[in-house]
Amino acid sequence: MESINLEEKVGSTLLLSSLAMWALVIFYAYTVSMPRAQYGVLFIAGAIGVYILSELEDVVAKGEYIDAVLLLLSLLVTIVITTYVNLNFKELHVDRVGYALSHEYLLAAAFVAVVIYLSWRSFGRTFLTILIGALLYGYFGNLIPGLLGHSGLSYSRLLLLLVLDITGLYGFLTQLVAAWIALFLLYAGLLESYGAFDLIFRGAVRTSKYIDSGVAQTAVVASAVIGSINGSQTANAGMTGSFTIPMMKENGIKPSTAGGIEAVASTTGQVLPPVMGAGAFIMASLLGISYVTVITAGLIPATIMMVCIVIAVHYIASNQLDAIDVDEVLDELEDRSRQDTLVDVVKFIIPFLVLVYTLGIIQLTVMTSALYTALTMLTTGILFPIIHAAFESRSMESVSTTTEETLSDTLSGFRRGAIITAPIAIILAAINGVVEILMTTGVPGILTLSMMDISGGVMLVAVLVSMVICILLGLGMPTTAAYTVVALLVAPTLVNQFLVPELGAHFFVFYGAILSGLTPPIATCAAVAAGIADADFVDTCYEAIKVAAPLFVLPFSFIYHPVIVSGSLGSEALFTGLLILLGGLSIIHGINYRFGYSKWKQMVVGALFFVAGILTMVYPSSTVQYTGAIVIIALYIIQQLTTHHLSVGDLIKNQAK
């Protein structure tokens, strides 16, 4: 009984903390009444508090009291240092930058330990290794021989960089999450609590009436849309995969295939405009361009990617799926009338139109646009169900019940938004600390020299090396963190040494970083999906790569054909995009289509489609691109004619028998 009461108290405290955090976020967005750095200090404290309380809920339920003590100590340290920094903000941030008192170093060291501990709890040993490695590299730089060596950062210098100068853990990324990304994650939390994802899922299920692979396409649509908002492919695979994977399996799809499809869908959602897993905001900020330019630049590659994946899923899933009773699946979710659905559609589309209008038409700041969008979602989410209940039943009892449910959903949305935001804020704070150390020790310049040395000045070698680095640096991290690291460490080399346009270079590293979720031997996103599907990890990775093969080639198109990510939707960009799409479809066709030939002939024809697709997607010469496109079309026509001939021949033989 005491344990249940304790859980309830922790849950109530978590809700109050979530509301307090969002009150701070909305207040700052509306008033901008304090320096952004000071706001960042308060925000990260709020995020850490929410994260610790959400973890305590689970820890208390399991009776893991040692963990509970560590979490409470972390919370106490966070409260103490946040209070101290705010009381002495001007002195630390302005008056004595580069110098601190002895007790301040102790406070800073304790806070760094808290961030390390919480990062490990949230993202595991892979990221812990990166974080500890960066600290050791900064401290022991004088012991490292060769190009990577440096004079070393003292204990006090590290703590000044990470905490006391209001940089590092409190730096650019923390402030960006606080000012821009947080409000969009509140929007995501409200969308989830008000039933938007259920609406998306219903719409996706209905496609099963018209498409053979409709159940599998449900996973693609639902996971991609939801993943574009929540900013973590691994978390998304766990969230949407928990219902899409069992549904696919129940309808005949192999466990490894179901897991592979979900892993790819969750990954591709991270690059879908208008949110792009929150990476769009960081890209706009790093490049000093408008958010609208970034999402416009992302439209053509996102379209290419989604069309290729939909076709690949159709090839793979249509042969495995059993017949599905769509109405039965929808009834299992919840019985809803067309009027209910229409009200929901209007309820969700109005905030989205506000986002488009404020950002794209009158071009307000990202923070202001996000504020108006979240507040509009809050307004329509509360009022529409109540008004609908009043008109439908004309009963005060029904209106009262609906009001209670809606307010409960609203509180749940605030809570969910805070829980989504907290780990992202923590890991980005940690990443900001890593980046600060690497920048101070000159790693970007070292990496540039190393890449130039390895590549010998040959762009193809440089971009291949860059892709490997992006995949390695992106392992196990959410989209925003993965992109930030590679954007600061890899993209400048491509821009400065190989004269790649900035948007092309940044989209290249962005796409490269998210591929880590599908790339063995780590493949965190595929691992989560395989666990839910109860499938072999290697088989799941294999199925995912069969679906996502063009996604591994597409980033190279940004280097050799940067017009498709230039922010222009002119005729040249669209025509080049069509050629690259044709190449991507050729790769999918070559890998996944069964031509009906003998084994060796199948392999040869598939290889021809595959090679022609790669050349059409990335080769810099337009002549080779056009030739590749012609070869693809010719191969397809020949394949159709020969397949038809074989089918007719088999029919005649069967009739003769």
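This is a guided tour of the structure above, with suggestions on what to select at each stop. Keep in mind that the model is predicted.

**Stop 1: the whole chain**

Start with everything shown as a cartoon. What secondary structure does the protein chain have? You'll find 28 helices and zero strands. Now colour by burial if your viewer can do that: of the 657 residues in the protein chain, 54% are buried. Switch on the surface, and you're looking at about 27,300 Å² of exposed area, with 66% of it supplied by carbon and sulfur atoms. Here's one for the contacts, too. Take those in the protein chain with a separation of 6 or more, and 76% of them link residues 24 or more positions apart.

**Stop 2: the loop after helix 1**

Select V32. This residue sits in the loop between helix 1 (2-31) and helix 2 (36-62). V32 is not a glycine, yet its phi is positive, about 45°. With a relative accessible area of 46%, V32 is partly exposed.

**Stop 3: T82 in helix 3**

Next, select residues 65-87, which make up helix 3, and pick out T82 within it. Is T82 buried or exposed? Its relative accessibility is 9%, so T82 counts as buried. Show the side chains around it: leaving out residues up to four places away in sequence, T82 touches V41, L42 and A45.

**Stop 4: salt bridges around helix 4**

Time for some charges. Side chains of opposite charge can pair when their charged atoms come close. How many salt bridges does a search of the whole structure find? The count is 10.

Select K90 and D95 to see one of the pairs. They form a salt bridge, with the closest N and O atoms 3.3 Å apart. K90 has a relative accessibility of 53%, so this residue counts as exposed.

Now select E91 and R96. Their side chains meet in a salt bridge too, at 2.9 Å from N to O. E91 counts as partly exposed, at 33% relative accessibility, while R96 is buried, with a relative accessible area of 12%.

Stay on R96 for a moment. You'll find R96 in the loop between helix 4 (89-95) and helix 5 (102-139). Not counting residues up to four places away in sequence, R96 touches Y84, E91, L101 and E104.

**Stop 5: the loop after helix 6**

Jump to I166, in the loop between helix 6 (155-164) and helix 7 (172-193). I166 has a positive phi of about 55°, although this residue is not a glycine. I166 is buried, and its relative accessible area is 2%.

**Stop 6: helix 12 meets helix 23**

Select residues 279-287 (helix 12) and 502-514 (helix 23), which pack at an angle of about 145° with their axes 12 Å apart. The crossing of helix 12 past helix 23 is right-handed. To see what touches what, show G279, M283, L286 and L287 on helix 12, then E502, L503, H506, F507 and F510 on helix 23. What classes of residue build this contact? There are six nonpolar, two polar and one charged.

**Stop 7: L411 in helix 18**

Select residues 396-440 to light up helix 18, then find L411 inside it. L411 is partly exposed, with a relative accessible area of 35%. Try a distance label from L411 to L190: they're 221 residues apart in sequence, but 8.9 Å apart in space, C-alpha to C-alpha. Setting aside neighbours within four places in sequence, L411 is in contact with L15 and L19.

**Stop 8: helix 22 and what follows**

Select residues 491-498, helix 22, where the buried residues include A491, T493, L494, V495 and F498. After helix 22 comes L499, which has a positive phi, near 55°.

**Stop 9: a pair within helix 25**

For the last stop, select K546 and E543. They form a salt bridge, and their closest N and O atoms are 3.7 Å apart. Why are they separated by about one helical turn? Because K546 and E543 are three residues apart in helix 25 (residues 537-560). Both K546 and E543 are buried. To finish, select E55, D67 and R121, which are joined into one network by salt bridges that share partners.

Definitions and conventions
Residues are numbered from 1 along each chain as its sequence is written. This is a predicted model: local features need pLDDT of at least 70, side-chain atom pairs count only at pLDDT 80 or more; totals for chains, interfaces and linings use all residues. Side-chain values use heavy atoms; hydrogens and water are left out. Helices (H or I, at least four residues) and strands (E, at least two) are DSSP runs, numbered from the N terminus. Buried means under 20% relative accessible area, exposed over 50%, partly exposed in between (1.4 Å probe, protein chains only). Contact means heavy atoms within 4.5 Å. Accessible areas come from the Shrake-Rupley method with a 1.4 Å probe; for residues, only the protein chains shown count as cover. Axes are lines fitted to C-alpha atoms, for helices over the stretch in contact, and angles run from 0 to 180 degrees between N-to-C directions. A crossing is left-handed if the near helix is turned anticlockwise from the far one by less than a right angle, and right-handed if clockwise. Ala, Val, Leu, Ile, Met, Phe, Trp, Tyr, Cys and Pro count as nonpolar, Asp, Glu, Lys and Arg as charged, and the others, Gly among them, as polar. A salt bridge is a side-chain nitrogen of Lys or Arg within 4 Å of a carboxyl oxygen of Asp or Glu.
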